[in-house]
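Please work through the exercises below with the sequence and the coordinates open beside you. Each one sets a task and then gives a solution in steps.

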Amino acid sequence: MWALIKSGSVNQVFRSPISVRIDGILHPPGMFSASWTDAERKAIGIYNYREVNADYDDRFYSLGSSATTINDSTGLVTVTYTNVAKNLASTKTEMITTAKRQANNYLRGTDWQELAKLTRSRTIDSDVVTYRAAVLTAYNDIKTLINNQDTIAKLAALYSGDNPDIDKWPDPI
């Protein structure tokens, strides 16, 4: 990404190459490629641009304030964002609600057997009983994991990467 600097501040940010009119001259999108050096772009006010902490998991954080640093000697603009942790209790509630929805989705395929038991006294297949118990156990384990976290950072860590504990559902039958 790049930024157009005018009078010592960021005038425009370019997330992809486009034609740019600077001081009455239309520059082609190719100016953002290797055919132009950083020094050539800097000479017309185009600096390299980067964002720090711009990628965040919005389930756990919101984008807070930002600080912009313009380094004239290197031709680099750095925008550093401060991510703000969301409310822990509310976020736990959302995560538990999501886990409950997942459990219900896993159980949905065998709900008819529960209904048949209630309405016609039909016996539920033993593998279905075992499966449904495993789904409920998995849900309770996930709920406990979520509730045991005392910071947003710890809660977010449960969901980062491949954490088998937070996604430990039985294989559907």
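The exercises that follow concern a predicted model, and they go from the whole chain to single residues.

**Exercise 1. Describe the fold in outline and decide how the radius of gyration of the protein chain stands against that of a compact globule of 173 residues.**

Step 1. Begin with the secondary structure: the protein chain has 5 helices and 7 strands, and from the N terminus on these elements run in the order β-β-β-β-α-β-β-β-α-α-α-α.

Step 2. Turn to the overall dimensions, where a compact globule of 173 residues would have a radius of gyration near 16 Å, whereas the protein chain has 27 Å. The C-alpha trace spans about 85 × 35 × 25 Å along its principal axes.

Step 3. Add the surface and the contacts. Buried residues make up 28% of the 173 residues, and the accessible surface comes to about 10600 Å², with 50% of it belonging to carbon and sulfur atoms. Among contacts with a separation of 6 or more, 57% are between residues 24 or more positions apart.

**Exercise 2. Take stock of the charged side chains, and then examine the salt bridge between Glu51 and Arg15.**

Step 1. Count the charges: the protein chain carries 19 positive and 19 negative side chains, and the centres of the two sets lie 5 Å apart.

Step 2. Recall the general principle that side chains of opposite charge can pair when their charged atoms come close. A search of the whole structure finds 7 salt bridges.

Step 3. Inspect the pair itself, in which the side chains of Glu51 and Arg15 meet at 3.1 Å, N to O. The pair links distant parts of the chain, since Glu51 belongs to strand S5 (residues 46–52) and Arg15 to the loop between strand S2 (9–14) and strand S3 (20–22), 36 residues apart.

Step 4. Classify the two partners by their accessibility. Glu51, with a relative accessible area of 24%, is partly exposed, while Arg15 reaches 53% and therefore falls in the exposed class, for which the value must be over 50%.

**Exercise 3. Work out which parts of the chain the salt bridge between Arg132 and Glu114 ties together, and whether Arg132 is buried or exposed.**

Step 1. Establish the pair: Arg132 forms a salt bridge with Glu114, and their closest N and O atoms are 3.4 Å apart.

Step 2. Place the partners in the fold. Because Arg132 lies in helix H4 (residues 126–147) and Glu114 in helix H3 (residues 111–120), the pair ties together parts that are 18 residues apart in sequence.

Step 3. Compare the accessibilities with the cut-off, which puts the limit for buried residues at under 20%. Arg132 has a relative accessible area of 13% and is therefore buried, whereas Glu114, at 29%, is partly exposed.

Step 4. Look at a further pair, Arg122 and Asp125, whose side chains meet in a salt bridge at 4.0 Å, N to O. Both partners are partly exposed, Arg122 having a relative accessible area of 28% and Asp125 one of 35%.

Step 5. Ask finally how the salt bridges connect: those that share partners join Asp111, Glu114 and Arg132 into one network.

**Exercise 4. Locate Thr110 in the fold and list the residues with which it is in contact, leaving aside its neighbours within four places in sequence.**

Step 1. Thr110 lies in the loop between helix H2 (88–108) and H3.

Step 2. With a relative accessible area of 6%, Thr110 is buried.

Step 3. Once neighbours within four places in sequence are left aside, Thr110 is in contact with Val128, Tyr131, Arg132 and Ile173. Arg132 is thus both a contact of Thr110 and a salt-bridge partner of Glu114.

**Exercise 5. Examine the backbone at Ser7 and Asn53, and state how accessible each residue is.**

Step 1. Ser7 is not a glycine, yet it has a positive phi of about 50 degrees; Asn53, likewise not a glycine, has a positive phi of about 65 degrees.

Step 2. Ser7 is found in the loop between strand S1 (2–6) and S2, and Asn53 in the loop between S5 and strand S6 (61–71).

Step 3. The relative accessible area of Ser7 is 81%, which makes Ser7 exposed, while that of Asn53 is 41%, which makes Asn53 partly exposed.

Technical notes. Residues are numbered from 1 along each chain as its sequence is written. This is a predicted model: local features need pLDDT of at least 70, side-chain atom pairs count only at pLDDT 80 or more; totals for chains, interfaces and linings use all residues. Side-chain values use heavy atoms; hydrogens and water are left out. Helices (H or I, at least four residues) and strands (E, at least two) are DSSP runs, numbered from the N terminus. The radius of gyration is taken over C-alpha atoms; the globule rule is 2.2 Å times the number of residues to the power 0.38. Buried means under 20% relative accessible area, exposed over 50%, partly exposed in between (1.4 Å probe, protein chains only). Contact means heavy atoms within 4.5 Å. Accessible areas come from the Shrake-Rupley method with a 1.4 Å probe; for residues, only the protein chains shown count as cover. Lys and Arg count as positive and Asp and Glu as negative; His and the chain ends are not counted. The place of a charge is taken as NZ of Lys, CZ of Arg, CG of Asp or CD of Glu.
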